[in-house]
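Welcome, and thanks for opening the viewer. Keep your selection tool handy, and let's take a short walk together.

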Amino acid sequence: MTETSGRFRETGAIHVWHGRVGDQTLPSDLLVLGDDELRLAGRASDLRATHYAGVHAAVRRVLGSCYLGVSPADVRFGRHACPRCADPGHGRPRIEHPVTALDFSLSRSGPHWLLAVTAGEQVGVDIERCAPDQVAEVALTDDELDLMRRADLPERRQELFYRAWTRKEAVLKACGVGMVAELRDLETRPADAGPVTVGYGEPGLAGRWYVRDLALGPGLVGALAQDAGRVRPVVIRQAESLPGMWQL
Ligand SMILES: [Zn+2]
């Protein structure tokens, strides 16, 4: 099952891959990573390094084997310039080799990962594992804060927070400005089960983003942001449901 970027573009869909890696580093994972990835994995503590290496190996396998038709080890990543300051050091990640119209967005939370793949679109994804009492009020707009303070149950409060948080991160990742942006200005209307349209612009980029929440299983929250001017269908794919892919 290899989807060339041409065929993929014709479908117009956004593919969202969801997977979970194990807690042991596999030698076969290390073999497909690039030098930068190995260096970053080497700097992290044990479990974090294992998850980082596992996720990046899985992403290379999905992109290389299912879309680009190259060996996972041969995929080379780079970055777009940041739309705000033109710095190529912290823009959105991109595929440098092979030359392709494919675009992607990756999010990790512990062993869980989410990868959106598109042809020529700009999208952002975020995945978070819910942790009790992890409400970061500094990131919320006044309306979001007010809503959360009025929530009577802690579970409801947590649900609202993670919905707001993942929506914000997905939009900022689609823009490529990272978390330096003004989170408090980004109103995500978490009382609305969605999809919602969120206003947020950067020079030369869509100012309105269509954001949907993704059902990923118990304890996980995810969101996907895409240009509200041309909303694409979304196909969710479970990485584990592709036996044989990992041998490629
Ligand atoms: Zn910048």
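Start by selecting Gly199 and Arg208: Arg208, in strand 8, is the bridge partner of Gly199. This is a predicted model, so you are looking at computed positions throughout.

Now widen the selection to strand 7 (residues 196-199) and strand 8 (residues 208-214), which run antiparallel and are joined by four bridges. Next, add strand 9 (residues 220-227), which runs antiparallel to strand 8 and is joined to strand 8 by six bridges. Pick out Asp213 and you will find its bridge partner, Ala223, in strand 9.

Which residue takes a positive phi in the hairpin of strand 8 and strand 9? Click on Gly217: its phi is near 115°, and the hairpin has five residues between the strands.

Time to move to another sheet. Select strands 4, 5, 1 and 10, and you have an open sheet of four strands in the order 4-5-1-10, with mixed pairing. At the edges stand strand 4 (102-109) and strand 10 (234-238); each has a single partner strand, so one side of each is left without a neighbour in the sheet. Turn the view to follow the twist, which averages 20° from one strand to the next.

Zoom in on strand 1 (residues 14-20) and strand 10, which run parallel with five bridges joining them. Here His15 stands opposite Val235 in strand 10.

For the last stop, show helix 4 (residues 46-68). Helix 4 lies across strand 1, strand 4 and strand 5 (112-119), and runs at about 30° to strand 5.

Key. Residues numbered from 1 in each chain as written. Predicted model: local features only at pLDDT ≥ 70, side-chain atom pairs only at ≥ 80, totals over all residues. Pairing = 2+ DSSP bridges. Helix = DSSP H or I, 4+ residues; strand = E, 2+ residues; numbered from the N terminus. Axes fitted to C-alpha atoms, helices over the stretch in contact; angles between N-to-C directions. Contact = placed C-beta atoms within 7 Å.
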